[in-house]
Amino acid sequence: MPALVTPFKENECIDYSVWQVIIDMLIASGVHGLFVAGSQGEFYALDMQERTVAMRFCKQAIADRVPIYANVGCITTRDTIALALQAQAMDVDAIVVVSPYYIMPTQQELVEHFVEVCRAVRLPVMAYNFPPHGGVTIEPDTIAKIAAECPNLAGLKDSSGRLDLAIAYRNAVPDRDFRVFTGGDSLMLSALDAGCAGTVTAAANAAPALFVQLYDAQQSGNRSEAERLQALVTELGSAIGLHTFPAVIKEALAIIGLPVGPCRKPVGALPAGARRKLATIVEHLKAEGVLPELAARSRA
């Protein structure tokens, strides 16, 4: 499931025409859903009205071809619930709630926050753990407490990069089909082997078929192919750290011929050296045949 980019024009306004192109390309590549307004989607740079409009546009653009998962997480419980109710009115398939960032809430405060959000909606809710950016880890015991009170807590996206934590989340809710998705690209195959549901990844914007093929290879038991594809996934994922997140994947899309514009400032363009390293990785993936069709227009 790609963590969908939000395209911007040079004036930093959302570019809806490009967004439709990207969404169509990802769906045509066989992805199983789209994760809207997540970290790669620069949700933190969108105001509340833009986040609402973005959800509405993506719901219409996806047109029920794949499920839409919409991140409604805000710093306050009040704003999170307000956005969650907007998402519910648009009939998204599930809401995602990133843990309140910047303030570093306690585990009990996290329990109370998620319980209030879950009780405010009828939709399935997926928690979103991103310690490097949220400042706090949602503990597995915390998830267990929330799940005990909220039957609509349906899963969790874990971007900690820790396989042991992803497994602990899965085991924390044994009484239902609790789906754990990892965010660390290097963990994808190991996480699937361990019973996780899949991955939500920024890198899949640039090479969606690669991730779909890896998932299919693992599910069908084609181990050698799965390991080959995992190596390519890891290579692409390693590029994320070349510059300030989330600029790298936007630049990768530009290199393969699908420009989605800049990030909103203060995130700037990749330095020349970082772009050269990224272009080398993109060229390798192109040679492996796992980039979108428009990759033939590469400017690398």
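The exercises below work through a predicted model of one protein chain, each with a solution in steps.

Residues are numbered from 1 along each chain as its sequence is written. Local features in this predicted model need pLDDT of at least 70 and side-chain atom pairs count only at pLDDT 80 or more, while totals for chains, interfaces and linings use all residues, and side-chain values use heavy atoms, with hydrogens and water left out.

**Exercise 1. Confidence**

Find the mean pLDDT of the chain, and the pLDDT over residues 295–300.

Solution. Begin with the term: pLDDT is the predictor's confidence in each residue, from 0 to 100. The chain has a mean pLDDT of 96, and 98% of its residues reach 70 or more. Over residues 295–300, however, the pLDDT is below 50, although this stretch has 15 contacts (heavy atoms within 4.5 Å) in the model beyond near neighbours in sequence.

**Exercise 2. The sheet**

Work out the order of the seven strands in the open sheet, and name the edge strands.

Solution. Strands (E, at least two residues) and helices (H or I, at least four residues) are DSSP runs, numbered from the N terminus, and two strands pair if DSSP finds at least two bridges between them. With these rules the order is β1-β2-β3-β4-β5-β6-β7, and the pairing is parallel. The edge strands, each pairing on one side only, are β1 (34–36) and β7 (198–199).

Next, follow the bridges from strand to strand. Strand β1 is joined to β2 (residues 68–71) by three bridges, and here Leu34 has Ile68 as its partner. Three bridges also join β2 to β3, with Asn71 partnered by Val96. Further along, β4 and β5 pair over five bridges, where Ala127 stands opposite Leu156. Finally, β5 and β6 pair over four bridges, and Asp158 stands opposite Thr182.

**Exercise 3. A covered strand**

Decide which residues of β3 lie on each side of the strand, and whether they are buried or exposed.

Solution. A residue is buried under 20% relative accessible area, exposed over 50% and partly exposed in between (1.4 Å probe, protein chains only). In a regular strand the side chains alternate between the two faces of the sheet. In β3, Ala94, Val96 and Val98 are on one side, Ile95 and Val97 are on the other, and all are buried. Five of the five residues of β3 (residues 94–98) are buried, so this strand is largely enclosed by the rest of the structure. For β5, five of its six residues are buried.

**Exercise 4. Helix α7 and the core**

Explain why the buried residues of helix α7 lie on the same side of the helix.

Solution. First list the residues: in α7 (residues 163–172), Leu165, Ala166, Tyr169 and Ala172 are buried. They cover an arc (taken from the directions from the helix axis to the C-beta atoms) of only 120°, which puts them on the same side of α7. These buried residues pack against β4 (125–129), α6 (140–149), β5 (153–158) and β6 (179–182).

Now turn to the nonpolar core, a set of buried Ala, Val, Leu, Ile, Met, Phe, Trp, Tyr and Cys residues joined through side-chain atoms within 4.5 Å. The largest such core has 114 residues, and Ile23, Phe35, Cys58, Ile95, Ile143 and Leu210 have the most contacts inside it. Helix α1 (residues 16–28) gives the most to this core, with seven residues. Leaving out residues up to four places away in sequence, Leu210 touches Leu229, Leu232, Val233, Leu285 and Val290.

**Exercise 5. Cysteines and a proline**

Count the disulfides, and then describe the surroundings of Pro7.

Solution. A disulfide is a pair of cysteine sulfur atoms within 2.5 Å, and by this rule the count is zero. Cys74 is buried, with a relative accessible area of 5%, and its nearest cysteine sulfur, that of Cys118, is 15 Å away. The sulfur of Cys118 is 4.2 Å from the closest cysteine sulfur, in Cys150, which is too far for a bond.

Pro7 is found in the segment before α1, and at 0% relative accessibility this residue counts as buried. Apart from neighbours within four places in sequence, Pro7 is in contact with Cys13, Ile14, Asp15, Val18, Trp19, Lys250 and Val260. The C-alpha atoms of Pro7 and Pro262 are separated by 7.6 Å, although the two residues are 255 residues apart along the chain.
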